[in-house]
Amino acid sequence: MNLHEYQGKSILKSFGVRIQEGLVASSPEEAVEAAKKLNAETGTEWWVVKAQIHAGGRGKGTIIGTEQHGVAIAKSLEDVKRIAGNILGGALVTKQTGEKGKLVNRILVAQDVYYPGASEPSEYYMGVLLNRQTGRNMIMYSTEGGMDIETVAEETPHLIFKEEIDPKVGLMPFQARKIAYNLGLSGNAFKEMTKFVVALYKAYEGCDASMFEINPVLKTSDDLIMAVDSKVTLDGNSLFRHKEYAEMRDVTEEDPTEVEADKHSLNYVKLDGNVGCMVNGAGLAMATMDMIKLSGGEPANFLDVGGTANAERVENAFRIILQDEAVKAILINIFGGIVRCDRVAQGVVDAYKNIGEIPVPIIVRLQGTNAVEAKKIIDDSGLRVRSAIALQEAADAVKEVLS
């Protein structure tokens with residue numbers, strides 16, 4: 001589950017990470033009040049107004065139909081109101097949103113932390129995530145903060161450092177000091193960075209995150225270390241342990257069909273193809289998508305109905321797949337291990353009748369327990385459904401209906 005910047009920062013702060021303070025607003029008037037409150041609490045006389053969407057590159061992105069960027073500096077309360085009015089309700093286009101952009105419903109009004117002082121401020125990149133090759137958490141960091149980390153990795157890979165964490169002992173103090181040293185820090189900034197790293201890793205583990213990305217981590221002109229941005233992804237499987245985080249979910253930032261599928265406990269991911277998939281088991285789903293591509297089609301989705309492919313689940317899956325106008329055919333590929341194929345077949349027939357006429361051809365491949373009986377149920381139904389037992393038979397049927 002992805003979080004907005006202001007939500008990620010609130011989690012970081014709760015674990016002792018210093019952050020750029022800010023307040024959320026959903027109207028220009030609220031933005032002005034937020035700016036006044038920040039001025040009273042922090043003394044800031046300039047403010048940073050940031051669009052809150054689940055996408056990176058907001059500072060370089062623009063609101064459709066305007067020249068307004070998704071992140072802007074306001075030097076007066078009038079600027080705050082004007083910028084907020086330009087951003088809120090607009091569609092922000094970044095390199096991660098596509099050409100349609102994402103609707104901005106909230107903004108974050110944050111304090112200005114690039115104030116004058118004894119030294120120049122510096123920006124760093126820091127992320128905590130799982131290294132899937134080693135099965136260990138790692139802290140990835142760089143002196144090139146404020147830039148796209150992909151660009152840094154491509155053009156200057158020697159400027160990216162990685163520190164892996166042994167799960168038996170966790171993050172060790174010497175590792176936090178090593179990170180501060182590799183970032184070229186000394187004195188109070190060195191001490192502050194070691195504290196920052198320890199608190200950041202504690203937050204990552206404490207909220208069962210899949211990823212924490214801070215870009216940039218800022219060394220202020222008076223040698224404080226703070227998170228100026230935050231990109232946080234939580235492990236959805238752990239939300240039962242964190243009710244307060246589950247309430248942070250913003251379904252307006254997600255694909256509506258994926259939200260609906262989640263309500264029915266279906267594992268669904270929309271893709272850009274023309275063949276809808278309904279499968280039980282993630283491994284079989286991946287193999288099915290490969291089979292569709294080899295047959296000349298493109299998978300329109302990943303949809304795992306799980307081990308209980310009854311009539312209700314099949315019907316819900318049908319309705320979700322049919323919301324995609326690009327779907328030209330539907331392939332149902334079920335392996336009956338625990339679930340009996342004849343029950344799945346009857347579920348397909350019942351679901352078809354409940355929905356009414358389905359405008360695209362359906363290929364049903366059922367293999368496993370009672371597969372022969374299942375084929376007979378499909379064949380005798382009189383519906384516009386083709387049955388198959390062998391995988392190649394199903395693949396040939398897909399190729400035929402697409403040609």
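Colleague: Let me start with one side chain: is Glu192 buried or exposed?
Modeller: Keep in mind that this is a predicted model. A residue is called buried when its relative accessible area is under 20%. Glu192 has a relative accessibility of 13%, so under that cut-off Glu192 counts as buried.

Colleague: And which residue does the side chain of Glu192 meet in a salt bridge?
Modeller: Glu192 sits in helix α6, which covers residues 187-206. Its partner lies 174 residues away, in the loop between α1 (5-14) and β1 (22-25). The N to O distance in this salt bridge is 2.7 Å, and the partner of Glu192 is Arg18.

Colleague: How does Arg18 count: buried, partly exposed or exposed?
Modeller: Partly exposed is the class between under 20% and over 50% relative accessible area. The value for Arg18 is 34%. Because 34% falls between those two limits, Arg18 is partly exposed.

Colleague: How many salt bridges are there in total?
Modeller: The pair of Glu192 and Arg18 is one example, with its side chains meeting in a salt bridge. Lys102 and Glu253 give another, their closest N and O atoms being 3.3 Å apart. The full count of salt bridges is 24.

Colleague: How many residues apart in the chain are Lys102 and Glu253?
Modeller: Lys102 belongs to strand β6 (residues 102-103), while Glu253 is in the loop between α7 (243-246) and α8 (256-263). Glu253 is also buried, with 12% relative accessibility. The salt bridge joins distant parts of the chain, and the separation in residues is 151.

Colleague: Which residue forms a salt bridge with Asp229?
Modeller: Asp229 is in the loop between β12 (225-227) and β13 (231-234). The partner is 171 residues away, in the loop between β2 (47-51) and β3 (62-63). Both residues of this pair are buried. With the closest N and O atoms 3.1 Å apart, the partner is Arg58.

Colleague: Which residues are linked in a network of salt bridges?
Modeller: The pair we just looked at, Arg58 and Asp229, belongs to the network. Among the other members is Lys50. Written out in full, the network links Glu5, Lys9, Lys50, Arg58 and Asp229.

Colleague: Now to a residue without a charge: which residues does Ala110 touch, leaving aside those up to four places away in sequence?
Modeller: Ala110 is part of strand β7 (residues 107-111), and its relative accessibility is 0%, which means that it counts as buried. Leu23 is 87 residues from Ala110 in sequence, yet their C-alpha atoms are 6.4 Å apart. The residues that Ala110 touches are Gln20, Glu21, Gly22, Leu38, Trp46, Trp47 and Val48.

Colleague: What share of the contacts with a separation of 6 or more comes from residues 24 or more positions apart?
Modeller: The protein has 403 residues, and buried residues make up 48% of them. It contains 13 helices and 19 strands. Of the contacts with a separation of 6 or more, the share between residues 24 or more positions apart is 68%.

Colleague: On the surface, about how much accessible area do Val169, Met172 and Phe174 have together?
Modeller: These three residues form a nonpolar patch on the surface. Met172 lies in the loop between β10 (160-164) and α5 (173-182), and Met172 is partly exposed, with a relative accessible area of 32%. Together the three residues of the patch have an accessible area of about 280 Å².

Colleague: What part of the exposed area of the protein do carbon and sulfur atoms supply?
Modeller: The C-alpha trace spans about 85 × 50 × 40 Å along its principal axes. The protein exposes about 19300 Å². The part supplied by carbon and sulfur atoms is 51%.

Colleague: Turning to the backbone, which peptide bond is cis, with omega near 15°?
Modeller: This bond leads into Pro216. Pro216 is found in strand β11 (residues 209-219). The cis bond is the one from Asn215 to Pro216.

Colleague: What is the phi of Ser265, about?
Modeller: Ser265 is in the loop between α8 and β14 (267-270), and with 53% relative accessibility it counts as exposed. Ser265 is not a glycine, yet its phi is positive, at about 60°.

Key. Residues numbered from 1 in each chain as written. Predicted model: local features only at pLDDT ≥ 70, side-chain atom pairs only at ≥ 80, totals over all residues. Heavy atoms only, no water. Patch = residues over 30% accessible without salt bridge, like charges linked within 9 Å, V, L, I, M, F, W, Y side chains within 5 Å. Areas by Shrake-Rupley, 256 points an atom, 1.4 Å probe, with all protein chains shown as cover. Salt bridge = Lys/Arg side-chain N within 4 Å of Asp/Glu carboxyl O. Helix = DSSP H or I, 4+ residues; strand = E, 2+ residues; numbered from the N terminus. Buried < 20%, exposed > 50% of the residue type's maximum accessible area, 1.4 Å probe, protein only. Contact = heavy atoms within 4.5 Å.
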